[in-house]
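User: Hey, I'm new to this one. Could you walk me through it bit by bit?

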Amino acid sequence: MIEGLIDTEYLEPEAPFGESHGHVNLQEYNAFMEVTCITRRRDAILTSIISQVTPSESSLIKRVALEPLFTSHLRDTLAIRGVKRVSMHEPLTNLRKVVVLVLEKDMPRTEIWRALYGAVAWNRAAGKYVIAVNDDIDPDDANALLWAMSYRANPALDIQILPHRDQGHGPRSKRNNGEDAAVLIDATMKEPFPPISLPKREYMERAKAIWEELGLPKLKPEAPWYGYSLGEWPEDLERAADRAVRGDYFETGKLLAERKRKDVGMNTEVRDLSHKQDSDE
């Protein structure tokens, strides 16, 4: 037990030290304590944690507490249905700067944006980049996040910048009178997409089993490691896929040859012609 007095009038500069955000924290005036008494067991056990560049012991402890609180704020306090979890990016960024909202598919656009706005309102300095994704995206995989942002977000429609944000924990810039901003990105699916271009799960799991039977180096699958539907996959293409599994490529080739036409340009999507035909009928 450490007893002492904390001065309410004076502050002292503390020395520079390495911080969890990956930079040295320069000197700042802070409160100090005059220790008057230390009481301990004769065989005292001193415990401590390492708090340095994240991930560290302190950030791991904070993350398991902060993410449920963040999720509860959106799901329970703001009553936003469809919030499955909140993931706070940890390595180097120290949890606060990059926040990912994992949302159910088919959430109303207004609710998606209410979740994004609600995320930046939870903490004055948490959420510099807030990204909404669906639950097929692993929020801890930066590659998956960039994939979703690349193909599921239109910057002209799905990105907003909110000014007047606190810089929070980290090196403080003098620009813009010390104010920061937040970037909100809706990287959820807004319409059906073609399937993931990998073999179906049953084939990949069988391949994994064979790999393990052969005693090859242990695999570490990362999502997506098998193909799955994203809503746009017509029956004729499913039948063509079944023929491909059986090796009946020539049968598919004959069917395609019957659909030759000369009134279309290169890269004209077949689905566009199908939709036009349906509307004409």
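**A first walk through the model**

Analyst: Sure, let's start with R63, which is found in helix α1 (residues 57–77). Helices (H or I, at least four residues) and strands (E, at least two) are DSSP runs, numbered from the N terminus. Keep in mind that this is a predicted model: local features need pLDDT of at least 70, side-chain atom pairs count only at pLDDT 80 or more, and totals for chains, interfaces and linings use all residues. Residues are numbered from 1 along each chain as its sequence is written, and side-chain values use heavy atoms, with hydrogens and water left out.

User: Is R63 buried or exposed?

Analyst: R63 counts as buried, because its relative accessibility is 17%. Buried means under 20% relative accessible area, exposed means over 50%, and partly exposed is in between (1.4 Å probe, protein chains only).

User: And what is R63 in contact with?

Analyst: Leaving aside neighbours within four places in sequence, R63 is in contact with P68, R85, S87, M88, E90, L95 and D140. Contact here means heavy atoms within 4.5 Å. R63 is also linked with E67, E90 and D140 in a network of salt bridges. A salt bridge is a side-chain nitrogen of Lys or Arg within 4 Å of a carboxyl oxygen of Asp or Glu.

User: L95 was in that contact list. What's up with its phi?

Analyst: L95 has a positive phi of about 75 degrees, although it is not a glycine. L95 lies in the loop between β7 (83–88) and β8 (98–103), and it is buried, with a relative accessible area of 0%.

User: What about N177, what is its phi?

Analyst: For N177, phi is near 55 degrees, which is a positive value in a residue other than glycine. N177 sits in the loop between β10 (159–166) and β11 (179–186). At 78% relative accessibility, N177 counts as exposed.

User: Back to salt bridges. How many does a search of the whole structure find?

Analyst: The search finds 20 salt bridges. One of the pairs that meet this way is E111 and R114, at 2.9 Å, N to O. Both lie in helix α2 (residues 109–122), three residues apart, about one turn of the helix. R114 is partly exposed, with a relative accessible area of 32%.

User: Got another pair?

Analyst: Yep, the side chains of R152 and D136 meet in a salt bridge (2.9 Å, N to O). R152 lies in helix α3 (residues 142–152) and D136 in the loop between β9 (129–134) and α3, so the pair ties together parts that are 16 residues apart in sequence. Both R152 and D136 are buried.

User: And D263, what does its side chain meet in a salt bridge?

Analyst: That would be R261, at 2.8 Å, N to O. D263 is exposed, with a relative accessible area of 55%, while R261 counts as partly exposed at 49% relative accessibility.

User: Switching topic: what's the volume of the second largest pocket?

Analyst: The second largest pocket has a volume of about 380 Å³. It is lined by 17 residues, and L198, K200, W233, E238 and A241 lie nearest its centre. Helix α6 (residues 235–246) gives the largest share of the lining, six residues.

User: How is a pocket defined?

Analyst: On a 1 Å grid over the protein atoms alone, a pocket is an open set of points where a 1.4 Å probe fits, with protein on both sides within 12 Å along at least five of seven lines; lining residues have an atom within 4 Å of a point. Grid points are joined across faces, edges and corners, and a volume is the space filled by probe spheres set on the points.

User: Tell me about E238, where is it found?

Analyst: E238 is found in helix α6. E238 is buried, with a relative accessible area of 18%. Apart from neighbours within four places in sequence, E238 is in contact with K200 and W233.

User: Last one: which residues does a cis peptide bond join?

Analyst: One such bond joins T54 and P55, with omega about 5 degrees, and P55 is in the loop between β6 (33–38) and α1. A cis peptide bond also joins A223 and P224, where omega is about -5 degrees. P224 sits in the loop between α5 and α6.
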